[in-house]
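Visitor: Good afternoon. Could you take me through this structure one part at a time?

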Amino acid sequence: DAAPVHDLGITRAHYLFERDPARIRRQLALADLSEALRSRRVLVLGGGDIVARARRTFATGRWPPSDAVVGDAESYADALEASREAARIPVEVAEEIEAYYRSEAYARRAVRIARGEEAPRVLFLTSRWTTVLQHVCADFRRGMESHGCRCRTLIEEHDAERLLARSHVDAIARLRPDMLFSVSHGRPTFRLAILQLPIVCYLMDRCGPILDLPRLDEAIGPLDLFLCICGPYMDLLRRKGVPEAQVLRAAPTPADERVFRPLDPGDLRLAPHDADVAFVKHGGIGPEEAWAIWLAREFPQEGGAAARDGRALFGRVHARLMPDLHRHWYEEEVKDLLCAMLPHRTRAAWGHRLEALLAGYMTTVYAVAYRQQFLAPLAEAGVRLRLVGNGWDRNPRYAPFAAGPVARGEASNLVYNAARIQLHIHQEMSLHQRIVEGGLAGAFFLIHRQDPGKDWAPLAPWFAEGEDLVVSASVADVGEAVVSIGTDTAGSIRQ
């Protein structure tokens with residue numbers, strides 16, 4: 001019954017328990033809650049059948065029971081207990097699923113699937129809170145459906161929902177899948193005990209228990225599989241005890257050629273997205289604000305001596321990296337720097353947590369600083385720059401170029417087709433989903449050069465430098481390349 005640790009959302013529901021309809025009307029008159037009610041951030045459980053309503057609502061497995069109660073909890077103890085009971089996995093459902101996956105019938109079905117005689121049923125587990133998780137899952141689903149697989153996706157229907165273990169079990173009971181599939185999350189996240197049911201994880205980001213747990217060998221099943229976007233992620237899993245046979249390399253990320261495709265340059269829909277340079281990436285705050293937020297989260301002031309040591313250690317690293325961004329620090333180099341700063345006697349005490357902290361710092365702090373240094377010369381050069389994604393309007397320096405987010409699919413394809421140059425910046429890898437999607441759309445990319453020996457995901461053999469894209473050697477080269485390419489015509493760029 002433990003809740004999955006796939007908890008990415010920032011919105012939580014509030015529940016109003018009230019038996020008296022007249023009091024509900026008076027309470028709702030205290031403030032305009034129309035939007036909160038529409039978005040399900042406020043759920044009203046009222047009337048004489050309040051216990052039955054609580055059972056129906058929480059039996060969906062999409063709403064966590066209250067962990068804090070304001071008001072007369074004693075008078076509503078029956079409804080509160082009904083909500084907690086309804087959110088639990090029914091014993092009979094758990095037993096039915098366990099029996100099915102241990103049965104001879106399921107074993108025979110697995111053999112037929114392995115022989116290619118039947119297509120598997122696949123349940124996708126994802127979240128509306130990240131673009132990557134839900135849309136890459138959708139790409140994989142389309143691919144599997146094209147091969148005859150029967151698929152279903154479990155995802156929140158409202159921002160305030162949180163999918164509990166009950167929702168997963170109910171979905172498994174309905175579909176009887178032969179495989180569960182998720183992006184960047186596996187069995188350690190979903191805490192499913194049915195070892196006969198394999199969970200396939202397409203690992204394209206390090207997050208959740210996969211990153212945080214010291215070992216994974218006892219947290220996964222013998223049939224689970226990890227498809228990794230890059231070699232370092234494979235190394236991470238091996239270090240954590242995942243057997244070699246359960247770790248595979250799978251790149252590049254999927255994209256749908258029916259959606260991402262070249263358009264006629266005269267297509268009138270391109271005009272609103274016209275730009276010299278476009279960068280498709282969520283943005284937002286600057287590096288120092290990102291640093292302050294990360295530091296407060298990982299090493300709070302009330303955290304005692306351990307938190308003080310962490311703040312001091314990463315403070316020294318941050319002070320070393322920020323003035324020297326042109327150097328392009330790779331994660332392994334920063335790890336060596338961290339270890340050199342740590343007294344030898346304290347390294348064991350940090351253990352695996354050091355690797356998780358470093359990954360978080362590099363992803364949420366260093367990457368922000370590294371990306372934005374490339375944008376600065378473009379902002380100053382007066383080119384028509386469009387920053388496509390959430391958050392850029394919150395950064396004073398880049399707000400004039402903020403284009404807002406676009407829905408993935410046809411709207412993204414318009415962006416890839418409209419701009420003369422697409423920019424790609426990633427601190428560790430050259431190959432990325434935006435290059436795959438933009439490549440299908442016929443976009444021309446300008447990217448920064450990676451050290452070939454340290455590039456987590458090289459472009460070859462999928463893209464050719466000088467033909468499909470231009471690789472710049474430095475921050476200054478980005479501006480020069482934009483000016484150089486800008487003297488050409490859009491037609492010759494596409495050629």
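Guide: Certainly. This is a predicted model. A good place to begin is a pair of facing residues: F226 stands opposite V247 in β8.

Visitor: How many bridges pair β7 and β8, and in which sense, parallel or antiparallel?

Guide: Three bridges pair β7 with β8, in the parallel sense.

Visitor: Through which helix does the chain cross from β7 to β8, and is the crossover right-handed or left-handed?

Guide: The chain goes from β7 through α11 to β8, and this β-α-β crossover is right-handed.

Visitor: Where does α11 lie?

Guide: Helix α11, residues 231-239, lies across β6 (199-203), β7 (225-228) and β8. Its direction is at about 175 degrees to β8.

Visitor: And what about β6 and β7: how many bridges are there?

Guide: β6 and β7 are paired over four bridges, in the parallel sense. In this part of the sheet, L203 stands opposite C228 in β7.

Visitor: What is the order of the strands in the sheet?

Guide: The sheet is open and has six strands, in the order β4-β3-β5-β6-β7-β8, with parallel pairing.

Visitor: Which strands stand at the edges?

Guide: Those are β4 (150-154) and β8 (247-249). Each has a single partner strand, so one side of each is left without a neighbour in the sheet.

Visitor: What does the twist average from one strand to the next?

Guide: The average is 20 degrees from one strand to the next.

Visitor: Now the other edge. How many bridges join β3 to β4?

Guide: Strand β3, residues 121-125, is joined to β4 by five bridges, and the two run parallel. R121 stands opposite R150 in β4.

Visitor: Which strands does helix α8 touch?

Guide: Helix α8 (residues 165-175) packs on the sheet and touches β3, β4 and β5 (179-183). The direction of α8 makes about 165 degrees with that of β4.

Visitor: Let us turn to helix pairs. How do α5 and α8 cross?

Guide: The axes of α5 (residues 91-101) and α8 come within 10 Å and cross at roughly 50 degrees. The two helices are therefore oblique to each other. Their crossing is left-handed.

Visitor: Which residues meet there?

Guide: From α5, V93, I97 and Y101 meet V169, D170, I172 and A173 in α8. By class, the residues of this contact are six nonpolar, no polar and one charged.

Visitor: Next, α3 and α4. At what angle do their axes cross?

Guide: Helix α3 (residues 50-58) and helix α4 (residues 77-87) have axes that cross at roughly 25 degrees and come within 8 Å. That angle makes α3 roughly parallel to α4.

Visitor: Which residues make the contact?

Guide: On α3 they are I50, V51, A54, R55 and F58. On α4 they are D78, A79, A82, S83, A86 and A87. The residues of this contact divide into eight nonpolar, one polar and two charged.

Visitor: Is the crossing of α3 and α4 right-handed or left-handed?

Guide: α3 passes α4 in a right-handed crossing.

Visitor: One last pair, α13 and α14. At what angle do they cross?

Guide: The axes of helix α13 (residues 304-321) and helix α14 (residues 331-341) cross at roughly 130 degrees and come within 10 Å. At that angle, α13 is oblique to α14. The crossing of α13 and α14 is right-handed.

Visitor: What makes up that contact?

Guide: α13 contributes L313, F314, R316, V317, R320 and L321. α14 contributes V334, L337, L338 and M341. By class, the contact of α13 with α14 has eight nonpolar, no polar and two charged residues.

How values were computed: Residues numbered from 1 in each chain as written. Predicted model: local features only at pLDDT ≥ 70, side-chain atom pairs only at ≥ 80, totals over all residues. Heavy atoms only, no water. Axes fitted to C-alpha atoms, helices over the stretch in contact; angles between N-to-C directions. Parallel < 35°, antiparallel > 145°, perpendicular 65-115°, else oblique. Left-handed = near helix turned anticlockwise from the far one by under 90°. Contact = heavy atoms within 4.5 Å. Nonpolar A, V, L, I, M, F, W, Y, C, P; charged D, E, K, R; others polar. Pairing = 2+ DSSP bridges. Right-handed = clockwise from strand over helix to strand, strands pointing away.
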